[in-house]
Amino acid sequence: MDRIFAPYTVYKGKAALSLTPVLPTFTKLESGNGLRVDRRGNMMMKFWPAIGERKYDWEKRQLFALSATEIGAFISLGPTDSCEFFHDPSMKTSNAGQVRKSLSIKPHQDGSGYFISLSVVNNLLKSMDRITVPVTTAEFAVMKTACSFALPHIMGWDRYTSHQRPRVGENPSKVNPQMLDSEWDR
C-alpha cells in the first residue's frame with residue numbers, strides 16, 4: 001500500500017507550519033489473538049523558517065509532537081485562550097535537558113487569529129531557534145477540526161472499533177452498545 005502524505009500547511013512571510021497525524025504502531029499480543037498499542041500516535045507539527053519570498057529552509061525545520069492530551073488542550077482553546085507545552089525529546093536518557101522545546105499558542109490582540117511559536121534550545125549545538133507563525137481564525141479552525149478528527153485515529157481507537165463487529169444476524173444495538181451509530185440510537 002502506498003504511503004499517504006496529506007499535511008495541512010500554512011505558509012506565511014517569515015515561516016511555515018504543517019500539521020500531520022502520526023498513527024500509532026501496534027504489536028501482537030503473546031496469545032496471538034489481539035493487538036496492543038506499541039507506540040502512541042501524535043499530531044506532528046513541523047516549522048520552517050523562510051529564506052526568501054515563498055522559499056523555506058527545510059534543513060532548519062523543527063518538529064513538535066502533540067500528544068492526545070495536548071491535542072485536547074489545543075482543540076479546547078477559545079478565542080482569548082492561550083496554552084504552552086514543554087518537551088524534552090531526550091527525557092529518560094543520558095541527554096535529558098540538553099534539548100528543550102516550548103510550543104506556545106497565543107491569540108492576536110484583535111481576535112483575528114493566533115500566534116503559534118516554537119522555541120528550541122539545543123545545548124549540544126549551542127543554538128536557540130524561535131519560529132513564529134501567525135494563523136488566521138479560519139486557519140486555526142481548520143487545524144482544530146483536523147485535530148478533532150484525527151484524535152481517535154492517533155489513539156488507535158479507530159482500529160479498536162473496526163474490530164468490534166457484531167455476529168451475523170444479530171442487532172448491533174443489542175450486541176454491543178459501542179457499535180451504535182449515534183447517541184440517538186441509544
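This report describes the strand and helix arrangement of a predicted model, together with the surroundings of selected residues.

## Overall composition

The chain has four helices and 11 strands. Of its 186 residues, 30% are buried. Among contacts with a separation of 6 or more, 45% involve residues that lie 24 or more positions apart. The accessible surface amounts to about 12800 Å², and carbon and sulfur atoms contribute 54% of that area.

## The four-stranded sheet

An open sheet is built from four strands, in the order β8-β9-β10-β11, with antiparallel pairing. Its edges are β8 (83-87) and β11 (127-136), each of which pairs on one side only. On average, neighbouring strands of this sheet are turned by 10° against each other, direction ignored. As a matter of principle, strands of a sheet pair through backbone hydrogen bonds, in either a parallel or an antiparallel manner.

The table lists the pairings within the sheet, each with an example of residues that face one another.

| Strand pair | Bridges | Example of facing residues |
|---|---|---|
| β8 and β9 | Five bridges | F85 and L103 |
| β9 and β10 | Nine bridges | S102 and S119 |
| β10 and β11 | 10 bridges | I116 and V133 |

Further facing residues can be followed across the sheet. R100 stands opposite V121 in β10. S119, which is opposite S102, also stands opposite R130 in β11.

Two hairpins link strands of this sheet. The hairpin of β9 and β10 has five residues between the strands, and G111 adopts a positive phi near 75° there. In the hairpin of β10 and β11, four residues lie between the strands, and K126 in the turn has a positive phi of about 50°.

How enclosed is β10 by the rest of the structure? Eight of its 10 residues are buried, so strand β10 is largely enclosed. Strand β10 spans residues 113-122. Helix α2 (residues 137-154) lies across β9 (99-107), β10 and β11, and runs at about 105° to β11.

S127 belongs to strand β11. With a relative accessible area of 26%, S127 falls between the limits of 20% and 50% and therefore counts as partly exposed. Leaving out residues up to four places away in sequence, S127 touches V120, V121 and N122. V120, V121 and N122 fall within the residue range 113-122 of β10. The C-alpha atoms of S127 and V99 are 9.6 Å apart, while the two residues are separated by 28 positions in sequence.

## Cysteines

Which cysteines count as buried? C83 does so because its relative accessibility is 14%, under the 20% limit. C147 is likewise buried, because its relative accessibility is 0%. C83 lies within the range of edge strand β8 (83-87), and C147 within the range of helix α2 (residues 137-154). In general terms, a disulfide is a covalent bond between the sulfur atoms of two cysteines. A search of the whole structure finds zero disulfides.

## Surroundings of N42

N42 is located in strand β5 (residues 42-52). N42 has a relative accessible area of 12% and is therefore buried. A polar atom of the N42 side chain lies 3.4 Å from the backbone nitrogen of M44. Beyond residues up to four places away in sequence, N42 touches T20, P21, V22, A65, L66 and I154. One of these residues, I154, falls within the range of helix α2 (residues 137-154).

## Surroundings of Y56

Y56 is part of strand β6 (residues 55-56). Is Y56 buried or partly exposed? A relative accessible area of 21% makes Y56 partly exposed, because buried status requires a value under 20%. Apart from neighbours within four places in sequence, Y56 is in contact with Y11, K12, A15, A16, W48, P49, A50 and I51. Of these, K12 also provides a backbone oxygen that lies 2.6 Å from a polar atom of the Y56 side chain. Y56 and A16 are 40 residues apart in sequence, and their C-alpha atoms are 7.3 Å apart in space. Several residues in the contact list, including W48, P49, A50 and I51, fall within the range of strand β5 (residues 42-52).

Notes:
Residues are numbered from 1 along each chain as its sequence is written. This is a predicted model: local features need pLDDT of at least 70, side-chain atom pairs count only at pLDDT 80 or more; totals for chains, interfaces and linings use all residues. Side-chain values use heavy atoms; hydrogens and water are left out. Two strands pair if DSSP finds at least two bridges between them. Axes are lines fitted to C-alpha atoms, for helices over the stretch in contact, and angles run from 0 to 180 degrees between N-to-C directions. Contact means heavy atoms within 4.5 Å. A disulfide is a pair of cysteine sulfur atoms within 2.5 Å. Buried means under 20% relative accessible area, exposed over 50%, partly exposed in between (1.4 Å probe, protein chains only). Accessible areas come from the Shrake-Rupley method with a 1.4 Å probe; for residues, only the protein chains shown count as cover. A polar contact is a pair of N or O atoms within 3.5 Å; within protein, one must be able to donate a hydrogen and the other to accept it, and residues adjacent in sequence count only if both atoms are side-chain atoms.
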